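Me: I am new to this structure and would be grateful for a close look at a single part of it. Please begin with one pair of side chains and then follow the surroundings outward.

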Amino acid sequence: MSEQHVAVVTGANKGIGFSIVKSLCHRFNGIVYLTARNASKGEMAISELNKLGYYPLFHQLDISDEHSVKRFRDYIAANHGGIDILINNAGFQIFRPYKEPLVDVALKTIRANYRNLRDTFKDLVPLLRNDARVINTSSGFGHLSMVPGAKIRAALSKPNLTVDELTRLMDDFIRSIRSGNNIKDGWGDDPYKISKVAIAALTFIQQRELINTNVKVNCINPGYVNTDMTRHMGVLTPDQGAEVAVYVALDAPNSLKGSFVWADKSVIDWTGPFPDK
Ligand SMILES: NC(=O)c1ccc[n+]([C@@H]2O[C@H](COP(=O)([O-])OP(=O)(O)OC[C@H]3O[C@@H](n4cnc5c(N)ncnc54)[C@H](OP(=O)(O)O)[C@@H]3O)[C@@H](O)[C@H]2O)c1
């Protein structure tokens, strides 16, 4: 079994994840795993990086498929024994105008961005080494102020919120949409925003649950990045969008724990006013 340090990036065949892998290959003293749900897309990304002189390893990982996650977990356990850096980057967004009912958009988006990240983390957490760093990719849309209703904001930011309670809140969101009451109830009408707010809330819970370890769990807003997800309207290049993830993974002080780190690498107040930058 290799004793080398190991970094893992999910959803890394393109966009910000691909740039994170490139930057880690350049700077991280260890093995970098580029993972992707589609093996041929992943292998193509590896070839592209090889042409630039970078040599990450590839492993298939579909965070929506529990068998894929468990295969990956078992592979890492057998070959390396642990993970030092886990960057949960894979993400999903359906653009307006929606071609399907809002409730279906919400179900897919909450599953893809919240539930899959939650379950992948749960499967991989036993592999996290002492001093491991976990970076969950939220968004500017993941700031708590994106939720219109004060009562829901209070529930999402309750200091001792549990994963089960957070999941029940996501179920409430779906129910509220299904009954047509989502605006009146204070959820708004944007499932992507709610999914990214949930990732932030989940990050703070995960850090609390690991309080007796040296594992650091933080979430990030990469900024508005020129990728397929923004239909290439983002103002930052993917390499620029990767910077905050790499900063939190490699450069941030050990004291950075359970925080929300903005694209400019500053720690923001998640429950305060929307950051003015
Ligand atoms: N771009 C921005 O301005 C921006 C801003 C804030 C936050 N973010 C977040 O940053 C992350 C990366 O976004 P991006 O802009 O780089 O988007 P992107 O170019 O669309 O890339 C998304 C990546 O996630 C992968 N993915 C989706 N579902 C997956 C699954 N079930 N298992 C494994 N991989 C999966 C995609 O794989 P396929 O190629 O197979 O679909 C793709 O590799 C996302 O979490 C996004 O929400 C982006």
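With which residue does Asp84 form a salt bridge, and how far apart are the closest N and O atoms?

Reply: The model is a predicted one. In this model, the partner of Asp84 in the salt bridge is Arg129, and 2.7 Å separates the closest N and O atoms. The two residues belong to distant parts of the chain: Asp84 sits in strand E4, which covers residues 83-88, while Arg129 sits in strand E5, which covers residues 128-137, and their positions lie 45 residues apart in the count. Asp84 has a relative accessibility of 12%. Because buried means under 20% relative accessible area, Asp84 counts as buried.

The two strands that carry this pair also meet through their backbones. E4 and E5 run parallel and are joined by five bridges. One such pairing involves Ile87, whose bridge partner in E5 is Ile135. In general, the strands of a sheet pair through backbone hydrogen bonds, in either a parallel or an antiparallel manner.

E4 and E5 are part of an open sheet of eight strands. Its order is E3-E2-E1-E4-E5-E6-E7-E8, and the pairing is mixed. Strand E3 (57-60) and strand E8 (267-268) form the edges, each pairing on one side only. In the strand order, E4 and E5 stand next to each other, and E6 follows E5.

Strand E5 takes part in a further salt bridge, this time with E6. The side chains of Lys216 and Asp131 meet at 3.1 Å, N to O. Here too the pair links distant parts of the chain, with Lys216 in strand E6 (residues 216-220) and Asp131 in strand E5, 85 residues apart. The two partners differ in their exposure: Lys216 is buried, at a relative accessible area of 4%, whereas Asp131 is partly exposed, at 43% relative accessibility.

Strand E5 also contains Asn136. This residue has 0% relative accessibility and therefore counts as buried. The side chain of Asn136 makes a polar contact of 2.8 Å with the side chain of Asn88. A polar contact of 3.0 Å joins the side chain of Asn136 to that of Thr203. Asn88 lies within the residue range given for E4, and Thr203 lies within the range of helix H8 (191-209).

Another salt bridge may be set beside those of the sheet. The side chains of Arg118 and Asp119 meet at 2.8 Å, N to O. Arg118 is buried, with a relative accessible area of 17%, while Asp119 is partly exposed, with a relative accessible area of 35%. In total, the structure holds 15 salt bridges.

The chain after E4 shows an unusual peptide geometry to look for in the display. The peptide bond from Arg96 to Pro97 is cis, with omega near 0°. Pro97 lies in the loop between E4 and helix H4 (102-124).

The surroundings also include a ligand. A backbone N or O atom of Asn89 lies 2.8 Å from an oxygen atom of the ligand. A backbone N or O atom of Val225 likewise lies 2.7 Å from an oxygen atom of the ligand. A side-chain N or O atom of Asp62, in turn, is 3.0 Å from a nitrogen atom of the ligand. On its own the ligand has 900 Å² of accessible area, and the protein covers 93% of that area. Helix H1 (15-27) and helix H8 (191-209) are the elements that give two or more residues to the shell around the ligand.

There are 27 residues around the ligand, and those that come nearest are Asn13, Arg37, Tyr192, Val225 and Thr227. By class, the shell comprises nine nonpolar, twelve polar and six charged residues.

Two loop residues complete this view. His232 has a phi near 60°, a positive value in a residue other than glycine, and its place is in the loop between E6 and helix H9 (238-251). His232 is partly exposed, with a relative accessible area of 46%. Lys265 likewise has a positive phi, near 75°, and is found in the loop between strand E7 (260-261) and E8. The relative accessible area of Lys265 is 34%, and the residue is partly exposed.

Terms used. Residues are numbered from 1 along each chain as its sequence is written. This is a predicted model: local features need pLDDT of at least 70, side-chain atom pairs count only at pLDDT 80 or more; totals for chains, interfaces and linings use all residues. Side-chain values use heavy atoms; hydrogens and water are left out. A residue is near a molecule or strand if one of its heavy atoms lies within 4 Å of it. A polar contact is a pair of N or O atoms within 3.5 Å; within protein, one must be able to donate a hydrogen and the other to accept it, and residues adjacent in sequence count only if both atoms are side-chain atoms. Accessible areas come from the Shrake-Rupley method with a 1.4 Å probe; for residues, only the protein chains shown count as cover. Helices (H or I, at least four residues) and strands (E, at least two) are DSSP runs, numbered from the N terminus. Ala, Val, Leu, Ile, Met, Phe, Trp, Tyr, Cys and Pro count as nonpolar, Asp, Glu, Lys and Arg as charged, and the others, Gly among them, as polar. A salt bridge is a side-chain nitrogen of Lys or Arg within 4 Å of a carboxyl oxygen of Asp or Glu. Buried means under 20% relative accessible area, exposed over 50%, partly exposed in between (1.4 Å probe, protein chains only). Two strands pair if DSSP finds at least two bridges between them.
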